[in-house]
Number of protein chains: 2
Amino acid sequence: MPTDRYHHGNLRSTLLEAGLSAARLGGPAALQLRDLATASGVSPSAVYRHFPDMAHLSAEVSRSARESLAKAMLSVAKAVVEDPKDAGIGAIRRLDAIGRAYIEFAEREPQLFDTAFMTAGAAPSCADDPSAWDVLIGALDDLVATGELHPSRRHDAPLIAWSAVHGMSGVLVRGMLPPPYLPEEAINATIAGVREALQVRHPPEFVGTR
Amino acid sequence: MPTDRYHHGNLRSTLLEAGLSAARLGGPAALQLRDLATASGVSPSAVYRHFPDMAHLSAEVSRSARESLAKAMLSVAKAVVEDPKDAGIGAIRRLDAIGRAYIEFAEREPQLFDTAFMTAGAAPSCADDPSAWDVLIGALDDLVATGELHPSRRHDAPLIAWSAVHGMSGVLVRGMLPPPYLPEEAINATIAGVREALQVRHPPEFVGTR
DNA sequence: CATTTTATGTGATCATTGTCAACATTTGGG
DNA sequence: CCCAAATGTTGACAATGATCACATAAAATG
């Protein structure tokens, strides 16, 4: 990545990387063409050789942020160990884990989370890979396959889980959690609430009301 | 509201009104100082006699949008009629109604909803009046008072209801509802899911899985 | 290898935006 | 009546995204 050359080499990915860094610190507002160009060691107009305009660059950064979120979910899901004595408990713990990963990503990287969902229903050039929604669908299918989620609940399940987890993430990111609630209990309540709405049993490690 | 006078009269509220109109159509991005000044028949710098900067004006518009949302919730809650034969059913229907009102406000006025929650945890100059959160708290207290919500569930209840309803609103506003789901069934699923998570009985008019 | 074509980056410039300072006008209280 | 405070205007500034003509490197072509 020589910076003294007239040609940058792979400016496009460098710009995206710079955008990700900026968004991590300052959110969508920090995605500024001139800043990203400077950070990439290039003049402002060079950006237009790789993106039609700033909106497209921002959209790509946003998509990249969404994929980071989905990767975090996949990562924790894979880390869940199966219990040979209880076939379904693994699937239950995976649902718990991906939900937590989602909210905790938002808590850990609030600005990046904001960037991930800043797009106002813009038609995506191509789908996210991986996609958080697909990870959720997979986890729910697992629950049905192991008999932990009744098939009649399968249809609405993703809506219920997604809205609850995404909503709590937004609340935490925006600092909208009213006192005296604490983020940790809010996360626990949300995750447990999803299980109850889905009529899925709690894992043994769960301690809650009743 | 004479527009040919040197002094406007009540520019502050006119600017807020113009901001609300603009936000309704174009969301937070449409809140531009020069546009609002022009729409109010005034020069750009006049704005600074009433707001320290554009961020404060935007914050006020945002708060006004949140209050509109809360008013919509209060309005439908008051419209719920009590059932003399069933003391608790009114409270149950009110929770249903305010949740629906919240999501349907977001669906009906997506840009305004976006504006309502655009503030990134900014310290509010003064609290919303009315506040959607307080409306929810009132509804939940009603449920406890009528014996429809178990007191042990009261603590987490607002977190569960708020995150689910707010989350689904955000999903709909951003056009993130994946096919083949339809907004209406998504709303129904979310509202019913809240009741199940809170272990509150469904109203008789509810038709859902089991 | 030489030359031409394409891809990529630069520099100057523009319109727009929020902001500010200096000045103008109105209003209202002694 | 007069002065001071409140309110609005004009003109300017810096920063932003965007666009143009031009420069340079890389790649394709003979």
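**Figure 1. Chain A, element by element.** Start at the N terminus of chain A and the elements run α-α-α-α-α-α-α-α-α. Counted up, that is 9 helices and 0 strands. Keep in mind as you look around that this is a predicted model. Along the principal axes, the C-alpha atoms of chain A fill a box of roughly 65 × 40 × 30 Å. Chain A has 210 residues, and 39% of them are buried. Take the contacts in chain A with a separation of 6 or more: 71% of them come from residues 24 or more positions apart.

**Figure 2. A look along helix α9 of chain A.** Helix α9 of chain A covers residues 183-198, which makes 16 residues. From first C-alpha to last it reaches 23 Å, close to the 22 Å expected at 1.5 Å a residue. Plenty of α9(A) is buried, including A186(A), I187(A), T190(A), I191(A), V194(A) and L198(A). What do the buried residues of α9(A) pack against? Within chain A, the partners are α4 (89-108), α7 (151-154) and α8 (157-173). Chain B joins in too, with its own α8 (157-173) and α9. Just after α9(A) comes Q199(A), which has a positive phi, near 55°.

**Figure 3. Where chain A meets chain B.** Here 31 residues of chain A are in contact with 30 residues of chain B. On the chain A side, α7, α8 and α9 each supply at least two residues. Which helix gives the largest share of that side? That would be α8(A), with 10 residues. Sorted by class, the side of chain A that touches chain B has 14 nonpolar, 12 polar and 5 charged residues.

**Figure 4. Two helices crossing in chain B.** Now zoom in on α4 (residues 89-108) and α9 (residues 183-198) of chain B, which pack at an angle of about 145°. Their axes sit 10 Å apart, and α4(B) passes α9(B) in a right-handed crossing. From α4(B), the contact uses D96(B), G99(B), R100(B), I103(B) and E107(B). Facing them from α9(B) are P183(B), I187(B), T190(B), I191(B) and V194(B). The contact of α4(B) with α9(B) comes to 5 nonpolar, 2 polar and 3 charged residues.

**Figure 5. Around DNA strand C.** This view shows the 20 residues that surround DNA strand C. The closest come from both chains: H8(A), S43(A) and S45(A), along with S45(B) and M54(B). Two elements of chain B, α2 (33-39) and α3 (54-79), give two or more residues to the surface near the strand. By class, the residues of this surface divide into 10 nonpolar, 7 polar and 3 charged.

Conventions
Residues are numbered from 1 along each chain as its sequence is written. Chains are lettered from A and ligands numbered from 1 in the order in which they are written. This is a predicted model: local features need pLDDT of at least 70, side-chain atom pairs count only at pLDDT 80 or more; totals for chains, interfaces and linings use all residues. Axes are lines fitted to C-alpha atoms, for helices over the stretch in contact, and angles run from 0 to 180 degrees between N-to-C directions. Helices (H or I, at least four residues) and strands (E, at least two) are DSSP runs, numbered from the N terminus. A crossing is left-handed if the near helix is turned anticlockwise from the far one by less than a right angle, and right-handed if clockwise. Two residues are in contact if their C-beta atoms, placed from the backbone, lie within 7 Å. Ala, Val, Leu, Ile, Met, Phe, Trp, Tyr, Cys and Pro count as nonpolar, Asp, Glu, Lys and Arg as charged, and the others, Gly among them, as polar. A residue is near a molecule or strand if its C-beta atom, placed from the backbone, lies within 6 Å of it. The expected span of a helix is 1.5 Å times one less than its number of residues. A residue is buried if 20 or more other C-beta atoms lie within 10 Å of its own, exposed if 12 or fewer, and partly exposed in between; C-beta atoms are placed from the backbone.
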